[in-house]
Amino acid sequence: MKTMYSQNEATPVFTPINQARIEEQGVSIRDYVDLLIEGRKTILLALAAVLSVTAVYLVLAPRTYKADALLRIDKNKALLATTIRSEANSASTEAENPRAQREVEILRSRSVLGKVVEDLNLMVEYSPRYFPVIGETLARKHDKHEGIAQPWWGFSRWAWGGEQLKIDQFEVPDRYLHKEFTLIALEEGRFQLRGPKDQALAEGVVGDLVSADIGESQPVMIKLGELVAHPGTQFELTRKTSLAAIETLQKAFAVQEVSKDTDILSVELKGRDPEQLAKSVNDIANIYVNATVNWESAEASQKLSFLEDQLPIVKERLEKAEQGLSAYRQQHGAVDISAEAEILLKQASEMETLSIQLKQKYDEQNQRLEAEHPDMIATNAQIKRVNGKLAALEKRIKDLPKTQQNMVSLARDVQVNTELYTSLLNSAQEQRIAAAGSLGNSRIVDFAVTPEKPYWPKPGLLLAIAGLLGLSLGSALVFLRHSLQRHDNYPALLEYQVGMPLFAAIPHSKKQRQLARLIDQGKDREPGILVSQDPLDISVESLRGLRTTLEATLASDMSKVIMVSSPAPGMGKSFVSTNLSALLASIKKRVLIIDADMRNGRLHETFSINKQPGLSDLLSGKATLGEVIVSLPEIGVDLIPRGNMVLNPAELLVLGDLAETLEQLKSFYNHIVIDSPPILGATDAAIMGKHADATFLVVKEGRYTAQELEVSFRRLQQVGVKPNGFIINDMKEGSSYYPYYGYAYPRSDMRNNDSTPWHARFQNWGDWMSKPQDAEFLPVMAEDEAVEESVRA
């Protein structure tokens, strides 16, 4: 005979795992991988949703084009100063090597872009009025070489592709700037202009200047260069200020150096009209190049004008100096000049010539530079140094004899003016050459061409980003759902915390969910027991393991009464009790199952029988034991349903001779399985637990906590009942906690031989996609989960 254990004796408990070892293990990468595999349906749904939104955007998004041109900046020429004189060699580094960033700012300046806005009339914005949402996409698909597209569904007011409009002039009063006007195409090249309030303003013909008085000092004037559209087609027109048009162009305009120190600038412009983009970019490049040429030519002309003004003055000084020297010689005859006087004469002439040249340079700089400019300050300092040296030379000259002093002074004037006049003649000739051959410091390397393909959107890039975003979003939802679920990470740790062994972990059953749906809908069916409907189901295999464990650990002759309860409703205790009873009956055991939940018991629905008479009627004396026992030969068990609903089930259990009734039943049945109410919801389970030989608590994965099990355990201990262990129900297949669940007999052995390989692949794909999810976080499956919980309860 087997060793016997009763409810009052010490219940065999598995040796708990060391908590330190559990905590050291932590969460591995395998756990995360298993969690992602478990939530693959959520990830695929998120991926499909993001990809669908991206696909819709790719179809409906307006196309953006980009036109670009290349400019080359000469390193050896300054932007505003180019000279071939020798003094250019001493110019500043900034003038000899123009920075690319300076050229970028000039290209983006209002002086350049403003000219483009005026030349191309960019202050006027106009576009056809497309059908909402899909109209522009349909128009884009139309080939403009086929003419104007026919209106869809008779909506001729919308543009459907191939329409063309060119506005040569559009002027409005200031108060109507940035307001939308409407132009309606009429027959035979005529059109109608309507105001912002949809009032008719004027009608005209293409090519004529049409004006309309709207009560302002300035009328509305419009002139069309081209209009190709079906009669009734509408266009939207807006007149902006020049500054607003320049700002809009600046936002779409980009200039950057191709690579560092190459002095090659890339000029880019993005927009909706590819032809207009190419014209705008080429216009910007031409205006910039012409501006640099004009600036350099203007400076050369300014310098030439200054030199030509100085030439007559210097020439007159030279003539007067020569006349004075000739008259002095005639008056005093030949005068010998000593060697010292000749040296002083040469030095004084050079200093005076340099002083005059520096003053001329200072005057020329003063026309275009401020007094605080570094070049102006440097020139002024040079003039002061030269004047100081000249003053010292003049003091030494005064020590010479009077005749030699006068001779040296007159000779110096002649020599200085001669050198100045010669220098001015050379400089004037150089500036004439510079003004005539000025080419500017920039060149156009590549002109912009009309782009053939849109720059944006980019399908490959967007789909790749959408794929990563969808996978990330789906993974985040899986982890979020997992973090919000109420469970402990390791059942082994739960065993240690609660002090009860884990007897079984029952995987989720798709077949049970189908049975639950049929029960809830009240359709005709066979008794909804998973064991009889699908004996190869993975959940049934786990229940067989539970049956084996019970047979090995509990003596059947002294542990006949088995109570199955749960901390709260919806854990699946009824599912466990009914299927466990059927499995015990399958090994030739006489089994009775009692629906002891006299409030919400639903075992009568599961077995398709009447709920009365039942347990409540038996305990209240309204029925006998033989009247309440229902035989279920197709399942192999007997059932006592709950009976009529009563208001005081706890009192009925105490006063209704439950112990005596169970003793009578033990003499006939090998096992009596009691499906009791939840322990935390009522005291019924605590009352019945005192008469049970074995007690088990059923919890559902993701719906329990260690605290709930501990409270349930203490609740039973308070009345002298020690639970034998707990059962985890509805484990997800492939769960990281119990990945070994999943072994079963091959379904292919049970299938019809006529099934095709294609059908098998389709079935496998359907099984993989139908991975169960938690109803609490997936609304799509909430109904099925709720039905299953109601039946398992």
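**Figure 1. Ile134 and the nonpolar surface patch to which it belongs.** Ile134 is partly exposed, its relative accessible area being 31%, in a structure that is a predicted model. The residue is placed in the loop that runs between strand 2 (124-128) and helix 7 (135-141). Together with Val133, Trp152, Trp153 and Phe155, Ile134 makes a nonpolar surface patch of about 530 Å². Because residues enter such a patch at over 30% relative accessible area, Ile134, with its 31%, can take part in it.

**Figure 2. The whole chain, as context for the close-up views.** The chain has 793 residues, of which buried residues make up 46%, and its secondary structure consists of 27 helices and 20 strands. Among the contacts with a separation of 6 or more, 78% are accounted for by residues 24 or more positions apart. The chain exposes about 40600 Å², and carbon and sulfur atoms supply 52% of that area.

**Figure 3. The largest nonpolar core and a second, separate one.** The largest nonpolar core holds 41 residues, and those touching the most other members are Ile594, Leu665, Ile672, Ile674 and Phe726. Helix 24 (residues 684-689) gives the most to this core, contributing four residues. A second core, separate from the largest one, has 34 residues, including Val531, Leu550, Ala585 and Ile593. In soluble globular proteins, nonpolar side chains tend to be buried together.

**Figure 4. Leu665 and the buried side of helix 23.** When residues up to four places away in sequence are not counted, Leu665 touches Leu592, Ile594, Leu625, Ile629, Ile640 and Ile672. Leu665 is also one of the buried residues of helix 23 (residues 658-666), where Leu658, Thr661, Leu662 and Lys666 are buried as well. These residues lie on the same side of helix 23, because they cover an arc of only 140° around the axis. An α-helix has 3.6 residues a turn, so residues three or four places apart point the same way.

**Figure 5. Val255 in strand 10 and its surroundings.** Val255 is found in strand 10 (residues 253-257), and with a relative accessibility of 13% it counts as buried, since the cut-off for a buried residue is under 20%. Apart from neighbours within four places in sequence, Val255 is in contact with Val104, Leu107, Arg108, Leu265, Ser266 and Val267. Of these contacts, the one with Arg108 joins residues that are 147 apart in sequence, with a C-alpha to C-alpha separation of 7.8 Å in space.

**Figure 6. Ser539, a buried residue of helix 17.** Ser539 has its place in helix 17 (residues 538-553) and is buried, with a relative accessible area of 0%. Once neighbours within four places in sequence are left aside, the contacts of Ser539 are with Ile506, Pro507, His508, Ser509, Leu530 and Phe575.

**Figure 7. Two salt bridges between partly exposed side chains.** The side chains of Lys115 and Asp119 meet in a salt bridge with an N to O distance of 3.0 Å. Both residues lie in helix 6 (residues 110-120), where they are four residues apart, about one turn of the helix. Lys115 counts as partly exposed at 39% relative accessibility, and Asp119 is partly exposed with a relative accessible area of 38%. In the second pair, the side chains of Glu605 and Arg602 meet in a salt bridge of 2.6 Å, N to O. Glu605 is partly exposed with a relative accessible area of 29%, while Arg602 counts as partly exposed at 23% relative accessibility. Side chains of opposite charge can pair when their charged atoms come close.

**Figure 8. A buried salt bridge between two strands, and a salt-bridge network.** Asp730 forms a salt bridge with Lys700, in which the closest N and O atoms are 3.5 Å apart. This pair links distant parts of the chain, as Asp730 belongs to strand 20 (residues 725-731) and Lys700 to strand 19 (residues 694-700), with their positions 30 residues apart in sequence. Both Asp730 and Lys700 are buried. Elsewhere, Arg129, Glu180 and Glu236 are joined into one network by salt bridges that share partners. A search of the whole structure finds 21 salt bridges.

Notes:
Residues are numbered from 1 along each chain as its sequence is written. This is a predicted model: local features need pLDDT of at least 70, side-chain atom pairs count only at pLDDT 80 or more; totals for chains, interfaces and linings use all residues. Side-chain values use heavy atoms; hydrogens and water are left out. Patches are made of residues with over 30% relative accessible area and no salt bridge: like charges are joined within 9 Å, nonpolar side chains (Val, Leu, Ile, Met, Phe, Trp, Tyr) within 5 Å. Accessible areas come from the Shrake-Rupley method with a 1.4 Å probe; for residues, only the protein chains shown count as cover. A salt bridge is a side-chain nitrogen of Lys or Arg within 4 Å of a carboxyl oxygen of Asp or Glu. Buried means under 20% relative accessible area, exposed over 50%, partly exposed in between (1.4 Å probe, protein chains only). A nonpolar core is a set of buried Ala, Val, Leu, Ile, Met, Phe, Trp, Tyr and Cys residues joined through side-chain atoms within 4.5 Å. Contact means heavy atoms within 4.5 Å. The arc is that of the directions from the helix axis to the C-beta atoms.
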